[in-house]
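Biologist: Before we discuss this model, could you show it to me, so that I can ask how each label was reached?

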Amino acid sequence: MRKILLLLFLFVLMPVIFAEDTDGDGLDDGWEARNFKTLTYSGNADPDNDGISNFNEYIQDSDPMAEEKEINWIGIMIVVSVAVVLILSGLIILSRLQPQKKKDSLKDMVSSMRSRGMKQDQIKQELVRSGYNLQEINKYL
Ligand SMILES: [Ca+2]
Ligand SMILES: [Ca+2]
């Protein structure tokens, strides 16, 4: 806790406390000169209209002349989720549409079934049950 307070003092409060502020607006004149090229803006002003005052931009070390974009994590998560669902759906549809290697596997299955001593009718029945159509099956019987 002490280290955090020390770091807070060193990096946040000290630069603010010891900043040169000739116009008394709470903003370090050097920072104002670097960012605005003038000392006319106040600490409460928000020239970039991002809802963050110059003083807070100074404390956060953000650009007071560029709108800080907040990252919309919910939007990103929704887009990523939709993309994942679309990709998975596409893969599922593709896997169903893809022509199966039926010819080779059917030929192999028929010879395997024959080698196991199955009769032609049994092979036919088994292959029909596996989703092959009779026309295909008859080519290899
Ligand atoms: Ca100042
Ligand atoms: Ca601002």
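Biologist: What makes the reach of helix α4 (residues 73-97) close to the one expected?

Modeller: Helix α4 has 25 residues and spans 35 Å from its first C-alpha to its last, and the expected span of a helix is 1.5 Å times one less than its number of residues, which here gives 36 Å. Helices are DSSP runs of H or I with at least four residues, strands are runs of E with at least two, and both are numbered from the N terminus. This is a predicted model, in which local features need pLDDT of at least 70 and side-chain atom pairs count only at pLDDT 80 or more, while totals for chains, interfaces and linings use all residues. Residues are numbered from 1 along each chain as its sequence is written, and chains are lettered from A and ligands numbered from 1 in the order in which they are written.

Biologist: Why is α4 called hardly covered?

Modeller: A residue is buried if 20 or more other C-beta atoms, placed from the backbone, lie within 10 Å of its own, exposed if 12 or fewer do, and partly exposed in between; among the 25 residues of α4 the count of buried ones is 0. Of the 141 residues of the chain, 8% count as buried.

Biologist: How do you know whether asparagine 49 is buried or exposed?

Modeller: Asparagine 49 has 7 other C-beta atoms within 10 Å, and therefore counts as exposed. Asparagine 49 lies in the loop between α2 and α3 (54-60), and has a positive phi of about 50° although it is not a glycine.

Biologist: What makes aspartate 61 exposed?

Modeller: Aspartate 61 has 10 other C-beta atoms within 10 Å, so it is called exposed. Aspartate 61 sits in the loop between α3 and α4, and its phi, near 55°, is positive in a residue other than glycine.

Biologist: And why is phenylalanine 36 called partly exposed?

Modeller: Phenylalanine 36, in helix α2, has 16 C-beta neighbours inside 10 Å and so counts as partly exposed. Phenylalanine 36 is 28 residues from proline 64 in sequence, with 8.3 Å between their C-alpha atoms.

Biologist: Where in the chain is confidence lowest, and where is it highest?

Modeller: By pLDDT, the predictor's confidence in each residue from 0 to 100, the lowest mean is 69, in helix α1 (residues 2-17), and the highest is 95, in helix α2 (residues 29-36). The mean for the chain is 86, and 84% of its residues reach 70 or more. Where pLDDT is low, the predicted coordinates should not be read in detail.
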